[in-house]
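Hi,

Here is the model I promised to pass on. Have a look at it first, and then read on for what I found in it.

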Protein chains: 2
Amino acid sequence: MLESKESPLVSPLISEKSTIYAYILNDIANAVFHSGDRLISTKLAEKYQTSINPVREALKQLQGEGFVTVEPNSGARVALFEYNTLRDVFEILQLLEPYLMTWFVEEHTDEDRLEMGRLLNEMETATDKEYRSLDTQFHWLTVKNHYNQKAVDLWRRNRLILLAMQSNVRLNTSRIKQSIEEHKRIICGLENRDVKVVLDIMNEHIGNSGKYWTKYLLSNKMR
Amino acid sequence: MLESKESPLVSPLISEKSTIYAYILNDIANAVFHSGDRLISTKLAEKYQTSINPVREALKQLQGEGFVTVEPNSGARVALFEYNTLRDVFEILQLLEPYLMTWFVEEHTDEDRLEMGRLLNEMETATDKEYRSLDTQFHWLTVKNHYNQKAVDLWRRNRLILLAMQSNVRLNTSRIKQSIEEHKRIICGLENRDVKVVLDIMNEHIGNSGKYWTKYLLSNKMR
DNA sequence: TTTTTAAAGATTACACATTATTTTAATGCA
DNA sequence: TGCATTAAAATAATGTGTAATCTTTAAAAA
């Protein structure tokens, strides 16, 4: 009944904790609720041991953020995550990354870079589930302190959609290897504070990731 | 009591009509409710002749969209629109415009361009309030049909924030003149389907607009 | 003037009534 | 028997009233 209360939240992308909102979002991001699933308020109220209204309010907030769709008189559903969604999300991230990253290249601290190195180390021996979490932490580190928190929030939301779409899919080993290499080069570029180099790598990095998932979805005929 | 029900909605950026959500958003965009104003659910329920829960749900949705902030146990407020907000919004629009516009340059119809010309004509003789609406319609035309509706929605939301910040401010005549000239050049570039030219103008157009409002806010010590 | 106390006002959550929708079962027809 | 249409029951969404809790405001005392 309350299993999702005990499962860890997708830190650090979900900042609010211990709210119905956070629980539902967490369950969407971890694909406990799948794309298109009905989100029935009475059921959710029972699951999270509360009444209907708080659930409805959480769903409305999630609707505003784009994770949930609501049809009048017909209730809420997890937003449809399809091939087009993936394309849209990747294209938005491809706009945001260079914008956010430029600031980071110039303003990041040595401490930041050390932390990134630590995450990179863990990646070498991580399972694919752990890898995904480390990858998220790595990139979160590079965006979270940007002065434009509206843009950061946008990044965060789109990233959560990616997580939702990817969470019941196993990464293949060669893609992980490739991705780790790209991360290494990013840290390298950061050390030299070379904006152009870092942006080039980032662009390639997102592009490769996009290609990988696009191919994956297509081969699974997910429309 | 019900005055805002009769006032026209900020078409076309507010698609849902006749809902509490739309009424509140409209009143924010038209600065009936100002930045930082408390949004007291009982008062709003009375104003829109409904009960508290529908209002709370509308506010939650608006919170998810970034128009409203909610402090637990302390209620909702119109989001703070300050100098930094303007900067953030303009920078996001500056990312989105070229992305959305590139598609439009290549895919727009002659009909679209005619409609833009018509709007431009009206601008010549418009009051500043009318001008703002026409300007919104002009740019909405160039983004609304893009395949990435997530990005379109983003654009729409940021544009609404601009409207909210600008709606109790009079535009000066020389800025309107300049702006009309820029619109003319955009149409010209569209006719030749020249992406580079249009993007250059657009960038200049947004930049000028940003400079104007930045200067305005600074000189009015709006932080 | 500052602190304490009391009152008013709002937020939150819950139970319930109404309305709409979805699902299930029943009926008629090929 | 199989299929489509219709009718009925179950389910869920929406909106209202209300009680409890927390905040804010105002007044009184130190």
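Which helices and strands each supply at least two residues of the surface near DNA strand D? From chain A these are strand S1 (38-39), helix H3 (41-47) and helix H4 (52-65), and from chain B helix H4 (52-65). Before I go on, bear in mind that this is a predicted model.

**DNA strand D**

There are 16 residues around DNA strand D, and those that come nearest are Ser41(A), Lys43(A), Arg56(A), Thr50(B) and Ser51(B). By type, the surface near the strand splits into 9 polar, 4 nonpolar and 3 charged residues. On the DNA side, sugar or phosphate accounts for 83% of the strand D atoms within 4 Å of the protein, with bases making up the rest.

A few of the individual contacts are worth pulling up on screen. The side chain of Thr50(B) has an N or O atom 3.0 Å from a phosphate oxygen of DNA strand D. Ser74(B) also points a polar side-chain atom at the phosphates, if you will forgive the phrase: the distance to a phosphate oxygen of strand D is 3.4 Å. With Asn73(A), a polar backbone atom is the partner, 3.0 Å from a phosphate oxygen of the strand.

Asn73(A) deserves a second look for its backbone. The residue is in the loop between strand S2 (68-71) and strand S3 (75-78) of chain A, and its phi is near 65°, a positive value in a residue other than glycine. Counting the protein chains only, Asn73(A) is exposed, with 90% relative accessible area.

**DNA strand C**

Now for the other strand. DNA strand C is surrounded by 18 residues, the closest being Thr50(A), Ser51(A), Ser41(B), Lys43(B) and Arg56(B). Strand S1 (38-39), helix H3 (41-47) and H4 of chain B each supply at least two residues of this surface. Its residues divide into 10 polar, 4 nonpolar and 4 charged. Of the strand C atoms within 4 Å of the protein, 83% are in sugar or phosphate, and the remainder are in bases.

Two serines of chain A reach phosphate oxygens of DNA strand C through polar side-chain atoms: Ser51(A) at 2.5 Å and Ser74(A) at 2.9 Å. A base is involved too, since an N or O atom in the side chain of Asn53(A) lies 3.0 Å from a base nitrogen of strand C.

**Between the chains**

Helix H8 (residues 149-166) of chain A meets helix H5 (residues 83-107) of chain B, with axes that come within 8 Å and cross at roughly 50°. The two helices are therefore oblique to each other. On the H8(A) side the contact involves Gln149(A), Lys150(A) and Ala151(A), and on the H5(B) side Thr85(B), Asp88(B), Val89(B) and Ile92(B). Those residues comprise 3 nonpolar, 2 polar and 2 charged.

Gln63(A), in helix H4 of chain A, also touches the other chain. Its contacts, leaving out residues up to four places away in sequence, are Val68(A), Val70(A) and Gln61(B). Gln63(A) counts as buried because its relative accessibility is 18%, under the 20% cut-off.

**Buried and exposed spots**

How many of the 10 residues of helix H2 (residues 20-29) of chain A are buried? The answer is 10 of 10, and among them are Tyr21(A), Tyr23(A), Asn26(A) and Asp27(A). Just after this helix comes Ala31(A), with a positive phi of about 55°, although Ala31(A) is not a glycine. Ala31(A) sits in the loop between H2 and S1 of chain A and is buried, at 11% relative accessibility.

Helix H9 (residues 173-191) of chain A holds Arg175(A), which is buried at 8% relative accessible area. Beyond its neighbours within four places in sequence, Arg175(A) contacts Glu182(A), His205(A), Asn208(A), Ser209(A) and Tyr212(A).

In chain B, Ser174(B) is part of helix H9 (residues 173-191) and is exposed, at 54% relative accessibility. Its side chain makes a polar contact of 2.9 Å with the side chain of Asn172(B). Lys215(B), 41 residues from Ser174(B) in sequence, is 15 Å from it, C-alpha to C-alpha.

Cheers

Terms used. Residues are numbered from 1 along each chain as its sequence is written. Chains are lettered from A and ligands numbered from 1 in the order in which they are written. This is a predicted model: local features need pLDDT of at least 70, side-chain atom pairs count only at pLDDT 80 or more; totals for chains, interfaces and linings use all residues. Side-chain values use heavy atoms; hydrogens and water are left out. Axes are lines fitted to C-alpha atoms, for helices over the stretch in contact, and angles run from 0 to 180 degrees between N-to-C directions. Helices (H or I, at least four residues) and strands (E, at least two) are DSSP runs, numbered from the N terminus. Angles under 35 degrees count as roughly parallel, over 145 as roughly antiparallel, 65 to 115 as roughly perpendicular and the rest as oblique. Contact means heavy atoms within 4.5 Å. Ala, Val, Leu, Ile, Met, Phe, Trp, Tyr, Cys and Pro count as nonpolar, Asp, Glu, Lys and Arg as charged, and the others, Gly among them, as polar. A residue is near a molecule or strand if one of its heavy atoms lies within 4 Å of it. A polar contact is a pair of N or O atoms within 3.5 Å; within protein, one must be able to donate a hydrogen and the other to accept it, and residues adjacent in sequence count only if both atoms are side-chain atoms. Buried means under 20% relative accessible area, exposed over 50%, partly exposed in between (1.4 Å probe, protein chains only).
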